[in-house]
Every structure is written in structure tokens, then in C-alpha cells.
Amino acid sequence: MTDEPLERWAAHRQGRLRKPGERKAITLSTGPQRAAHVAPDAPRMILEWDGFAWQPLLTVENYAAARLALYPPPENTPADQAEVTAPVEVRSPLAPGTGRHRRPRP
């Protein structure tokens with residue numbers, strides 16, 4: 001078995017580690033932590049990783065507020081709004097075709 005050089009191992013390990021500033025939400029209710037959709041109205045605490053431990057950042061009233069705290073909506077610039085308002089061609093998912101997967105019409 002060949003040993004991996006220490007520098008390569010350290011770089012690989014550093015890439016796997018959680019980055020400081022990463023955030024997560026936990027439910028503030030009794031019992032074990034469960035999936036977010038189980039208690040959407042329960043209050044949440046937002047935690048932030050400082051490189052060594054999770055630190056409390058703020059509390060929010062429910063799941064929707066936690067999503068906004070973790071994933072804020074992007075700020076729209078006038079250029080972005082122009083792209084959104086441009087007409088988009090919508091194709092029917094069942095456009096006419098002659099592929100093998102299509103059933104013949106009577």
C-alpha cells in the first residue's frame with residue numbers, strides 16, 4: 001500500500017471540511033431533530049459555523065422565515081428584470097412528431 005503525501009492529504013481534507021460562514025436551521029421543539037416539513041410552524045434557530053463550532057445567530061418564527069434567512073432571494077437589477085420580462089417561447093410537451101415512442105393516431 002502506498003502512502004499519500006501529507007500535502008495532498010491535507011489539501012484533500014481541507015476541501016472536505018465545512019467552510020466558515022455556512023448556516024443551518026434547527027427546530028426549537030422537544031424531541032429529536034426531524035425533517036423541516038414535519039413541523040413547519042415550529043420556531044427555528046439559525047446557526048453559523050465559525051470553523052470550530054456551530055454558533056447561534058438568530059431565531060425565526062417558522063420554516064418559511066428560516067428558508068428566507070438561509071437562502072435570501074437574489075437582488076434584481078434592471079438588466080435582470082429586462083431578461084425576465086422578455087417573451088419566452090413555450091413549446092408543447094406533446095409537439096407533433098413521428099418518433100417510435102409516439103402512438104399512431106386512428
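**View 1. A hairpin made by β2 and β3.** In this predicted model, strands β2 and β3 form a hairpin, with 4 residues sitting between them. Look for glycine 51 in the turn: its phi is positive, at about 105 degrees. Strands here are DSSP runs of E with at least two residues, helices are runs of H or I with at least four, and both are numbered from the N terminus. β2 covers residues 44–49, and it pairs with β3 in the antiparallel sense over 6 bridges. To count as a pair, two strands need at least two bridges found by DSSP. Which residue in β3 stands opposite methionine 45? That's threonine 59. Tryptophan 49, meanwhile, stands opposite tryptophan 54 in β3.

**View 2. The open sheet, in the order β1-β2-β3.** Pull back a little and you find 3 strands forming an open sheet, with antiparallel pairing. Why is one side of β1 and of β3 left without a neighbour in the sheet? Both β1 (23–27) and β3 (54–60) stand at the edges, and each has a single partner strand, so one side stays unpartnered. From one strand to the next, the twist averages 30 degrees; the axes behind such angles are lines fitted to C-alpha atoms (for helices, over the stretch in contact), and angles run from 0 to 180 degrees between N-to-C directions. As a reminder, strands of a sheet pair through backbone hydrogen bonds, either parallel or antiparallel.

**View 3. A salt bridge between β1 and β2.** Arginine 23 forms a salt bridge with glutamate 48, and their closest N and O atoms are 3.3 Å apart. (The rule: a side-chain nitrogen of Lys or Arg within 4 Å of a carboxyl oxygen of Asp or Glu.) Arginine 23 lies in strand β1 and glutamate 48 in strand β2, so this pair ties together parts that are 25 residues apart in sequence. Are these two buried or partly exposed? Arginine 23 is partly exposed at 39% relative accessibility, and glutamate 48 is partly exposed too, at 25%. Here buried means under 20% relative accessible area, exposed means over 50%, and partly exposed is in between (1.4 Å probe, protein chains only).

**View 4. Arginine 18 and its partners, glutamate 22 and tryptophan 49.** The structure holds 2 salt bridges, and one of them joins the side chains of arginine 18 and glutamate 22 at 3.6 Å, N to O. Arginine 18 is partly exposed, with a relative accessible area of 39%, while glutamate 22 is partly exposed at 36%. Arginine 18 also lies over the face of tryptophan 49, at 5.3 Å from the ring centre. For a charge to sit over a ring, NZ of Lys or CZ of Arg must be within 6 Å of the ring centre and within 35 degrees of the ring normal.

**View 5. Threonine 27, a buried residue in β1.** Threonine 27 lies in strand β1 and counts as buried at 11% relative accessibility. What does threonine 27 touch, leaving out residues up to four places away in sequence? Gln33, Ala42, Pro43 and Arg44, where a contact means heavy atoms within 4.5 Å. Across the protein chain, buried residues make up 9% of the 106 residues.

**Notes for all views.** Residues are numbered from 1 along each chain as its sequence is written, and side-chain values use heavy atoms, with hydrogens and water left out. Local features need pLDDT of at least 70 and side-chain atom pairs count only at pLDDT 80 or more, while totals for chains, interfaces and linings use all residues.
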